[in-house]
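Colleague: I'd like to practise reading surface, fold and salt bridges from a model. Could you walk me through one?

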Amino acid sequence: MTRITLRSVYQLILRIHPASFRDEFAEEMLWIFDEECRQGRARRVFLDGVWSLVRQRCVFQRAPKPVTAGIGLIISDDGIGAARLTQAGLLISVLIAGFLLVLSPKSASSLSLRWPESVLHCTLTLQSPPPVLPLRVHRLR
Amino acid sequence: MEPVADKTPPLSSATLHILLALAGEDMHGYGIIQEVARYSEGHYRVGPGTLYDNLKKLMDAGLVADANRRANEDRRFYTLTPDGRNALAVEVNRLQNIVREARSRLRETRPRSV
């Protein structure tokens, strides 16, 4: 895939970000994308952009003003709705599918998707309690 | 001055690295990414989405602020506020305690005789 195509898709991703975030940081993000592309880190930055979009659209924008004491790490405790999760899943799938489609077959086969650490972190900070499974005790006879 | 510890939760690794990079000097976004990659010897590299997402939260929380624009620089620079420096110091203290505890436990642990 040419760098120009990937850049266009990345620009599209930035355009879908919430306006407040986009107005403040999109230009700088695109600049960093260009710099990272020159060093062959386009895929990683691309996936980071997709994940940033999901976070901005589905999690943090939904939460009320973050608690200052939490340094922005606390997400509202009312959880994420199923519709939002589905929307996010669909969005990610479409973007990744588009990304893979425009890749050449050779590079597509060798592509390894490595999610950034932030993905794992955000998953851990959702603070939704784990489902409580009913405990069954089987008596041995 | 001793950092004022309050009941803040631990910082995420991205947040910690951003604050740490800014503790040395004011930087623009790409400078932060490069600085983090440099001192972590390439093991940790913040993506721009993660960076600005965290920077926005840190700015909202008053831990990072816009630095005065430098001459001949059209990029936006970020600086650590006194509150940000304090938050970093609290986190470093917390990590020091963990390391101390870990060292102590490792010394105590003896291999089991089979």
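Colleague: Let's start with the surface. How much area does chain B expose, and what share of it do carbon and sulfur atoms supply?

Modeller: Keep in mind that this is a predicted model. Chain B exposes about 6800 Å², and 50% of that comes from carbon and sulfur atoms. As for the inside, 46% of the 114 residues in chain B are buried.

Colleague: And the fold? In what order do helices and strands follow each other along chain B?

Modeller: Go along the sequence and you get α-β-α-α-β-β-α. That's 4 helices and 3 strands in chain B. Contacts add another view: take those in chain B with a separation of 6 or more, and 50% of them link residues 24 or more positions apart.

Colleague: Now salt bridges. How many are there over all chains?

Modeller: The general idea is a side-chain nitrogen of Lys or Arg within 4 Å of a carboxyl oxygen of Asp or Glu. By that rule, there are 11 over all chains. Take E24(A) and R76(B): their side chains form one, at 3.0 Å from N to O. E24(A) sits in helix α2 (residues 19-38) of chain A, while R76(B) is in the loop between β2 (64-66) and β3 (77-80) of chain B, so this pair joins two chains.

Colleague: Are those two residues buried or exposed?

Modeller: The cut-off for buried is under 20% relative accessible area. R76(B), at 14%, is therefore buried, whereas E24(A) has 30% and is partly exposed.

Colleague: Which residues are linked with that pair in a network of salt bridges?

Modeller: K56(B) and D66(B) join E24(A) and R76(B) in the network.

Colleague: What about a salt bridge inside one helix? Where do E35(A) and R38(A) lie?

Modeller: Both are in helix α2 of chain A, 3 residues apart, which is about one turn of the helix. They form a salt bridge with their closest N and O atoms 3.0 Å apart. R38(A) has a relative accessible area of 53%, so R38(A) counts as exposed.

Colleague: One more, please. How far is it from N to O in the salt bridge of R41(A) and E36(A)?

Modeller: It's 3.4 Å for that pair of side chains. Check the accessibility of each partner here too: E36(A) is buried, at 2%, but R41(A) is partly exposed, at 23%.

Technical notes. Residues are numbered from 1 along each chain as its sequence is written. Chains are lettered from A and ligands numbered from 1 in the order in which they are written. This is a predicted model: local features need pLDDT of at least 70, side-chain atom pairs count only at pLDDT 80 or more; totals for chains, interfaces and linings use all residues. Side-chain values use heavy atoms; hydrogens and water are left out. Buried means under 20% relative accessible area, exposed over 50%, partly exposed in between (1.4 Å probe, protein chains only). Contact means heavy atoms within 4.5 Å. Accessible areas come from the Shrake-Rupley method with a 1.4 Å probe; for residues, only the protein chains shown count as cover.
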